[in-house]
Amino acid sequence: MTQTVQYISAQDLRRFIPLADLTLENLNDLAKKTPIQALSKGRKLFAKGASINASFYLLSGEVALTCDKGETVIAGGTPQSRFPLDHHNPRLCTATVRADAHFIAIDNNLLDILLTWD
């Protein structure tokens, strides 16, 4: 059985920072390239020290960011989830799913290009 890939809408992308600064044309283009991904409780989105050239945004569920200074839990749909999860590269925290989560990952090079154009 094949699984249908769902993509985020341009309207939903607009709620994330700095994506809200993009033109509607660029948001539509980005939406076509941004599948919604899922991880179940207990899985790691990324580990501290990982070099991943992407920005992760939480749509739903909960993710715990565990860093040297402690732990922060981010829930989808909250003001905190409007920002990328640990935007540093390499990562300063480990992101572990606390409640089944849906998220998007946006290539930082593509994002830089789109923001520069706008």
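**Exercise 1. Locate Pro35 in this predicted model and describe its surroundings.**

Step 1. Find the element. Pro35 sits in the loop that runs between helix H2 (24-32) and strand S1 (37-39).

Step 2. Classify the exposure. The relative accessibility of Pro35 is 24%. Buried requires under 20% and exposed requires over 50%, so Pro35 counts as partly exposed.

Step 3. List the contacts. Leaving out residues up to four places away in sequence, Pro35 touches Val5, Gln6, Tyr7, Phe103 and Ile104.

Step 4. Compare sequence and space. Ser9 is 26 residues from Pro35 in sequence, and the C-alpha to C-alpha separation of the two is 9.6 Å.

**Exercise 2. Describe the aromatic pairs that involve Phe56, and state which residues form one aromatic cluster.**

Step 1. Begin with the search. Three aromatic pairs are found in the whole structure.

Step 2. Take Phe46 with Phe56. Their ring centres are 5.4 Å apart and the planes meet at 35 degrees, which makes the pair tilted. Phe46 belongs to strand S2 (residues 44-46) and Phe56 to strand S3 (residues 54-67), so this pair ties together parts that are ten residues apart in sequence.

Step 3. Take Phe56 with Phe103. This pair is also tilted, at 6.1 Å centre to centre and 55 degrees between the planes. It links distant parts of the chain, since Phe56 is in strand S3 and Phe103 is in strand S5 (residues 94-107), 47 residues apart.

Step 4. Check burial. Phe46 and Phe56 are both buried. The relative accessible area of Phe56 is 7%, and Phe103 counts as buried at 6% relative accessibility.

Step 5. Combine the pairs. Phe46, Phe56 and Phe103 make up one aromatic cluster.

Step 6. Look for a charge over a ring. Arg91 lies over the face of Phe46, at 4.7 Å from the ring centre.

**Exercise 3. Describe how S3 and S4 pair and how they are joined.**

Step 1. Determine the sense. S3 pairs with strand S4 (residues 70-75) in the antiparallel sense, over six bridges.

Step 2. Pick out one bridge. Cys67 has Gly70 in S4 as its bridge partner.

Step 3. Identify the connection. S3 is joined to S4 by a hairpin through two residues.

**Exercise 4. Explain how Thr94 is placed, from its exposure to its polar contact.**

Step 1. Find the element. Thr94 is part of strand S5.

Step 2. Classify the exposure. Thr94 counts as buried because its relative accessibility is 16%, and the cut-off for buried is under 20%.

Step 3. Find the polar contact. The Thr94 side chain reaches the backbone nitrogen of Lys48 at 2.9 Å.

Step 4. List the contacts. Apart from residues up to four places away in sequence, Thr94 touches Lys44, Phe46, Ala47, Lys48, Ala64, Leu65 and Thr66. Phe46, one of these, is also in the aromatic cluster.

**Exercise 5. Describe the largest nonpolar core and name the strand that gives the most to it.**

Step 1. Recall the general tendency. In soluble globular proteins, nonpolar side chains tend to be buried together.

Step 2. Give the size and the centre of contacts. The largest nonpolar core contains 16 residues, and those with the most contacts inside it are Leu45, Phe46, Phe56, Val63, Leu65 and Leu85.

Step 3. Assign the strands. At least two residues of this core come from each of S2, S3 and S5. S3 gives the most, with six residues.

Step 4. Follow one member. Beyond its neighbours within four places in sequence, Leu45 is in contact with Leu39, Phe56, Leu85, Ala95 and Phe103.

Step 5. Note the other core. Another core lies apart from the largest one and has 15 residues, among them Ile8, Leu22, Leu59 and Leu111.

**Exercise 6. Describe the backbone at Pro18, Pro90 and Asp86.**

Step 1. State what is usual. Most residues other than glycine have a negative phi, and most peptide bonds are trans.

Step 2. Examine Pro18. The peptide bond joining Ile17 and Pro18 is cis, with omega about 10 degrees. Pro18 lies in the loop between helix H1 (10-13) and H2.

Step 3. Examine Pro90. Asn89 and Pro90 are joined by a cis peptide bond with omega about 5 degrees. The loop between S4 and S5 holds Pro90.

Step 4. Examine Asp86. Asp86 is not a glycine, yet its phi is positive, at about 40 degrees. Asp86 is found in the loop between S4 and S5, and it is buried, with a relative accessible area of 8%.

Key
Residues numbered from 1 in each chain as written. Predicted model: local features only at pLDDT ≥ 70, side-chain atom pairs only at ≥ 80, totals over all residues. Heavy atoms only, no water. Helix = DSSP H or I, 4+ residues; strand = E, 2+ residues; numbered from the N terminus. Buried < 20%, exposed > 50% of the residue type's maximum accessible area, 1.4 Å probe, protein only. Contact = heavy atoms within 4.5 Å. Phe/Tyr/Trp six-rings, centres within 6.5 Å; stacked < 30°, edge-to-face > 60°. Lys NZ or Arg CZ within 6 Å of the ring centre and 35° of its normal. Pairing = 2+ DSSP bridges. Polar contact = N/O pair within 3.5 Å; in protein donor to acceptor, adjacent residues only side chain to side chain. Core = buried A, V, L, I, M, F, W, Y, C linked by side-chain atoms within 4.5 Å.
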